[in-house]
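Colleague: I've got the model open, but I'm not sure how to read it. Can we go through a few features together?

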Amino acid sequence: MSEPRDDLAGEYFDAAIALLRRVRDEESAGITAAGKAIADAIADGNRIFAFGAGHSSLAAQDVVYRAGGLALVNLLAVPGVVGIDVMPATLGSALERVDGLAGAVLDTSPAKPGDVLVVISLSGRNALPVEMAQNARALGLTVIGVTSVAYAKETKPRHVSGTFLKDHCDIVLDSKIAVGDAELVRDDVPAPFAPASTVVTSALMQAVVATAVAELAARGITPPLLRSGNVDGGHDWNGRIFEEYGSRIFFRH
């Protein structure tokens with residue numbers, strides 16, 4: 001009878017759960033602050049944007065046009081870096097290191113003073129997320145950074161300023177992901193594997209949205225939430241939300 005194989009699936013779930021617990025316990029103040037900043041912007045008639053490059057874009061996309069999510073969250077898209085949408089895929093990584101790209105994106109975006117921008121970058125070391133945060137703050141936006149602070153301690157910055165994303169944010173949420181983003185190792189496998197950054201970062205984003213929803217409700221403001229189009233009445237509900245808040249929703253234009 002053969003010996004049982006390692007329970008790598010179980011190890012991965014355990015690692016992801018441990019990270020989620022750390023984030024829950026250690027980032028609660030930041031999550032509260034981020035949720036309040038988003039609620040403030042919505043209450044004041046402003047807009048919310050989310051940006052991420054490469055796989056970091058997945059967590060940004062997860063809170064845009066999302067059933068159960070806030071309708072006012074818009075994706076700030078940079079052509080070529082929103083996930084794996086170019087060929088070769090390595091071009092997206094190269095674009096993250098291009099100086100000046102973030103400024104051009106913001107200058108041609110609908111973002112304005114008083115808005116909130118969430119910048120998601122695991123390492124926070126490339127030019128694009130650093131300049132996105134820098135330029136957004138200069139324009140008068142509140143910037144929430146979602147990143148792994150470990151990279152700022154263990155790697156060198158790639159931006160000419162010598163800084164990381166975390167250095168240009170009003171609020172920083174630390175994903176606690178280790179440098180390299182791989183939770184598992186085996187003696188017979190030559191490299192670490194099984195990344196958890198998407199799981200943790202997406203959970204962080206949803207926690208911030210949930211906090212913003214609760215904050216709005218506590219102020220007597222009905223949160224502009226979307227419903228699933230796959231439940232009865234969902235399309236009609238969303239249509240009313242789009243009509244009421246259309247001037248602050250850009251993914252329908």
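Modeller: Sure. Let's start with the lining of the largest pocket, where β1 (48–52), α3 (56–61), α4 (90–95), β4 and α8 each supply at least two residues. Keep in mind that this is a predicted model.

Colleague: Which element gives the most to that lining?

Modeller: That's α8, with 4 residues.

Colleague: And how do you find the space in the first place?

Modeller: Rolling a probe the size of a water molecule over the atoms shows where empty space is left. Here, the largest pocket holds about 650 Å³ of space. It has 36 lining residues, and those closest to its centre are A53, H55, S56, E96 and L122.

Colleague: What is the make-up of the lining?

Modeller: It splits into 15 nonpolar, 16 polar and 5 charged residues.

Colleague: Back to β4, then. In which sense do β4 and β5 pair?

Modeller: Parallel, over 4 bridges, with β4 covering residues 142–147. Between the two, the chain runs through helix α7 (residues 149–154), and this β-α-β crossover is right-handed. If you want a spot to click on, T147 sits opposite D174 in β5.

Colleague: Where is E183 found?

Modeller: In the loop between β5 (171–174) and α8 (197–218).

Colleague: Why do you call E183 partly exposed?

Modeller: Because its relative accessible area is 24%, and partly exposed runs from 20% to 50%.

Colleague: What does E183 touch, leaving aside neighbours within four places in sequence?

Modeller: E183 is in contact with A15, L19, F193, A194 and A196. Also, D14 is 169 residues away from E183 in sequence, yet their C-alphas are 9.8 Å apart.

Conventions: Residues numbered from 1 in each chain as written. Predicted model: local features only at pLDDT ≥ 70, side-chain atom pairs only at ≥ 80, totals over all residues. Heavy atoms only, no water. Buried < 20%, exposed > 50% of the residue type's maximum accessible area, 1.4 Å probe, protein only. Contact = heavy atoms within 4.5 Å. Pairing = 2+ DSSP bridges. Right-handed = clockwise from strand over helix to strand, strands pointing away. 1 Å grid on protein atoms, 1.4 Å probe; cavity = no way out; pocket = protein on both sides within 12 Å on 5 of 7 lines; lining within 4 Å. Points joined across faces, edges and corners; volume = space filled by probe spheres on them. Nonpolar A, V, L, I, M, F, W, Y, C, P; charged D, E, K, R; others polar.
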